[in-house]
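Please find below some notes on this structure, written for a reader who has not seen it before. They begin with one pair of strands and widen to the whole chain.

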Amino acid sequence: MGRVQEILETMTATTANIAGVVEKQKQSGKKIVGVLPVYAPEALVHAAGMFPAGCWGGVTTISRAAKYLPPFACTIMQGVMEFAESGVYKNLDAFLVPAPCDTLKAISQNLIYACKDKKVIIISYPQNNKMECAVSYTKTELAKVRAKLEELCGQKIPDAKINESLDIYNAHSAAMMEFFKIVSAKPGIVSAVQRHALVKAGYFMLKEEHTRLVSDLNKLLAEAPAPSWKGKKIVLAGIMAEPNNVLELFDEFKLAVAADELAQETRQFRTPFPQGNDPMERMARQWQNIECCSVVLDAEKKRAKHIADMAVENKADGIIYCQMKFCDPEEFDFPSVAEACKNRNIPLLNLEIDQLSESTGQARTRIQAFSEQIGA
Ligand code: SF4
């Protein structure tokens, strides 16, 4: 097996055995913190020497979560509550929960009730992030998170350690952005499923370890010849494009992912922590720099233009807006995205993502029709 396949299989194997990965970290004596979407100060968990594990839902059948959430809550959070109730999160010591939307606000409280043995650490970011007072507010919130993590790990987290972790996270983000750039230029060099597995594995590995593997892969992919590609290129927008069955359809219908603006993927990596000595200032300024995102105030609707620009810059043939079922922030943004695409003559598909279900009947029909529309 070549090194490229070996790295890709490591990523796939990690995502296929999340419980095992977390169990191993637990047995090594580490405290485990479940990190919820969309943006959480995960680098503080890393700086405290604890293991951050992503909690972005998953395929499951909802039964116990129904006592916390109405059926019209987004499917990611229904999955999170089902896992919380059914013991899937048994190895976690705490949750780190940002609250940028109404559903996450409710989840932060639900987790306190459902998981009485775990600490629930909540951070409330100012959604109007451009005002200068937002920076001091964010620093106050970050200080509270830091203090709670210090209680959990039983020691102070020094500034130097946080700065070190921020640099590790910046290096990871740079490696991820480089990976996206390389695979965009060589459609077909990795499948949509593999591209996603590489991103997702990063939620269950220490960032330095993941960066090392991604950097090795980048070097090999950059040197490899571009495969002959007969399909079309698409941009994915939205929160996430799971489960894998949906991604397999992109591969089946010869739609290569040229770029994404998914919250679970590129949105996590495109805004680095600025340099500086004060780590809390660096983190607060990073929040201030985030733009074009459905959970941050975007009064001028810059996100719509940003998504259309991504399609043009990456020479994509169309955009698939992966509409997470019952996600209000994403639904609010869709009309402006549709208008931006219409103005630029970019084909657009609004594809409902139900993360809980592995059934792909509807998605298959819609993706097939879209692929025919754009000539794949
Ligand atoms: S942003 Fe959307 S998908 Fe994410 S938690 Fe909120 S409602 Fe759910």
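**Notes on strand S4 and its surroundings**

1. Strand S3 (residues 94-98) and S4 run parallel and are joined by 5 bridges. Two strands count as paired if DSSP finds at least two bridges between them. Helices (H or I, at least four residues) and strands (E, at least two) are DSSP runs, numbered from the N terminus. The model is a predicted one, in which local features need pLDDT of at least 70 and side-chain atom pairs count only at pLDDT 80 or more, while totals for chains, interfaces and linings use all residues. Residue numbers start from 1 along each chain as its sequence is written.

2. Which residues face each other across this pair? Ala-94 has Lys-119 in S4 as its bridge partner, and Leu-96 stands opposite Ile-121 in S4.

3. S4 covers residues 119-123, and 4 of its 5 residues are buried. Buried here means that 20 or more other C-beta atoms, placed from the backbone, lie within 10 Å of the residue's own.

4. The wider sheet is open and has 4 strands in the order S2-S1-S3-S4, with parallel pairing. Strand S2 (51-54) and S4 stand at the edges with a single partner strand each, so one side of each has no neighbour in the sheet. From one strand to the next, the twist averages 25°.

5. Together, S3, helix H5 (residues 102-114) and S4 make a right-handed β-α-β unit. Right-handed means that, with the strands pointing away from the viewer, the path from the first strand over the helix to the second runs clockwise.

6. H5 lies across S3 and S4, at about 160° to S3. Helix H6 (residues 132-153) also lies across S3 and S4, running at about 165° to S4. Axes are lines fitted to C-alpha atoms, for helices over the stretch in contact, and angles run from 0 to 180 degrees between N-to-C directions.

7. The chain holds 15 helices and 8 strands. Of its 376 residues, 49% are buried. Among contacts between residues at least 6 apart in sequence, 74% join residues at least 24 apart; a contact means C-beta atoms, placed from the backbone, within 7 Å.

8. The C-alpha trace spans about 60 × 45 × 40 Å along its principal axes.

Notes
A residue is buried if 20 or more other C-beta atoms lie within 10 Å of its own, exposed if 12 or fewer, and partly exposed in between; C-beta atoms are placed from the backbone. Two residues are in contact if their C-beta atoms, placed from the backbone, lie within 7 Å.
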